[in-house]
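Reader: Hi, could you walk me through this structure slowly? I am still new to reading these.
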Amino acid sequence: MSSDVVEKTDSNIGTTLSPEPSIRDVADINPIEEKRLLRKIDFVILPLFTLLYATNFVDRTAVGNARIAGLEADLRLTGFEYNIALTLFYVTFSLVEIPSNLILKRFGSVWLAILIILFGMVAISTAFIQSFTGLIITRLVLGMTEGGLLPGLIYLMSRYYRRKERVLRMGIFFGCSPSLAGAFGGLLASGLLYINPIGSVTSWRKIFLVEGIITIGLGILCLFFLPDDPETSRLLTKEERLLALKRIAFDNPEHKFKRERTKMQLVLRSLNFNACLTTFAFILTNISFQGLSLFMPTVIATLGHFTTVQIQLRTVPPFLVAAAWAVCIAYASYSLKQRGLLIAFSLLFTITGYSIFVGTDNSHARYGACFLAVGGVGCVGPLLLAWATDNAAPDTVRAVTTAMVPGVGALGAIISVWTYLPDDAPNYHRANSVNLAASCLAFVLVLIGLQYVHWENRKRERGERDIRLIGRSQEEVDELGAYHPAYRYQP
């Protein structure tokens, strides 16, 4: 270890570790050791995070499968009560995301394990509700417990992976998870509807009961196996922890790893142009993706005379295609070192899909449009979040940004709840028109964001941002993060 690296003893792991690699240490990364470490991190984080967020998404959207299995009739819902319940979920879901990430930054990954156990318990509770009031309460609490998981996983991922590496990993876990969850949720729901009652739990209630039990089991395992920050993670050896810190420091203009104290100034700096633009684009993306995800069974039911199980099964193929496309587009983004262009390209498929929905009543064409709409937009959310995370620094700004984009972006899900209304059935022309408009506007915003990034990088190359270094202490310079003149935004 270099002599100018200060060592400290970590009480959680009982070994010494460097909290702040020097510039010389950062430049002295062994590429063979780095590849070995990256494989080890991938082997643990990617499957685990994919499983956790897929479970989160299954629990969240189970209400869509339960609806066509009799939830509305059993709870005696009328008018817009179903939509109200969905809306209130996203209200609490949005409000908790930024506070949750700040708690995670303070207390570590055990916080996420607790959240997983809690939303599993809420899912089980939903199996026993008897009224609209019960549905409201469980959806509100479910939003509070589920809201912190995605931004928390993204924040943890940003602590293990360098900027150039994140998009592929986020494309795999965040891009595949919702699509695989949509496919698995449909298969699970159809299977559970076939089996005998579980005690007093019948029909759609079995969906919530079984999914809740699975979720709690995963949460308990996460108490012991979910990786913590690389500075203290039991996943890594002492040498691997130091190497992981060097890798993170390499992306900092000052090559410093030491995490700054959480300050209100840095929290407010998260409200920058890049973060706000990607957040707004995420809202628009969520309108089209979440709406079709929640109402896919309802939409497919209007395309022919199918049994409940047949409807559930027909929701599976579009989500499988979306998962495959998410991996392909994430790999392309990683290889080409481009985010904005590939987001815009993928949105073209979504625009085409919703154009078909609006332009024809043919059931076969409209089912084909499901593949284009879900497949195209399914990868956009992960890429937008990766883009925002890539351009967010230092650590506090990144923690807030990874929560703000999906958190405020959940407003799109609230809007989507009120697009597929009963009086718009069976063709849902108004809903699909809203989704088409949202996709087109998101396309335009992404192109604007791409132009801004290139414009800002050119200004820095000409030295027009060097004034930001004048009159600042070393600590203030370290906290500039993405505002540092040497920092280059990811296009």
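Reader: Is Cys276 buried, exposed or partly exposed?
Author: Cys276 counts as partly exposed, because its relative accessibility is 37%; buried means under 20% relative accessible area, exposed over 50% and partly exposed in between, with a 1.4 Å probe and protein chains only. Keep in mind that this is a predicted model, where local features need pLDDT of at least 70, side-chain atom pairs count only at pLDDT 80 or more, and totals for chains, interfaces and linings use all residues. Residues are numbered from 1 along each chain as its sequence is written, and side-chain values use heavy atoms, with hydrogens and water left out.

Reader: And what about Cys370, buried or exposed?
Author: Cys370 is buried, with a relative accessible area of 0%.

Reader: How many disulfides are there?
Author: The structure holds 0 disulfides, a disulfide being a pair of cysteine sulfur atoms within 2.5 Å.

Reader: Why does Cys370 have no bond to the closest cysteine sulfur?
Author: That closest sulfur belongs to Cys379 and is 17 Å from the sulfur of Cys370, so it is too far for a bond.

Reader: Which helix holds Cys370, and what else is buried there?
Author: Cys370 sits in H16, where the buried residues also include Arg366, Ala369, Ala373 and Val374. Helix H16 covers residues 363–378, 16 residues in total, and reaches 22 Å from its first C-alpha to its last, close to the 22 Å expected at 1.5 Å a residue. Helices here are DSSP runs (H or I, at least four residues) numbered from the N terminus, and the expected span is 1.5 Å times one less than the number of residues.

Reader: What caps the N-terminal end of H16?
Author: Asn362 does, with a side-chain oxygen 3.0 Å from the backbone nitrogen of His364.

Reader: Changing topic, how many cavities are there?
Author: The count comes to 3 cavities of 30 Å³ or more, where a cavity is a set of points on a 1 Å grid over the protein atoms alone at which a 1.4 Å probe fits but cannot get out, and lining residues have an atom within 4 Å of a point.

Reader: What is the volume of the largest, and what lines it?
Author: The largest cavity has a volume of about 180 Å³, and of its 19 lining residues, Tyr53, Phe174, Phe282, Asn286 and Gln290 lie nearest its centre. The largest share of that lining, 5 residues, comes from H12.

Reader: And the second largest?
Author: The second largest cavity holds about 120 Å³ of space and is lined by 14 residues, with Thr61, Asn65, Gly182, Ser293 and Phe319 nearest its centre. H2 gives the most to this lining, with 5 residues.

Notes:
Helices (H or I, at least four residues) and strands (E, at least two) are DSSP runs, numbered from the N terminus. A polar contact is a pair of N or O atoms within 3.5 Å; within protein, one must be able to donate a hydrogen and the other to accept it, and residues adjacent in sequence count only if both atoms are side-chain atoms. On a 1 Å grid over the protein atoms alone, a cavity is a set of points where a 1.4 Å probe fits but cannot get out, and a pocket is an open set with protein on both sides within 12 Å along at least five of seven lines; lining residues have an atom within 4 Å of a point. Grid points are joined across faces, edges and corners, and a volume is the space filled by probe spheres set on the points.
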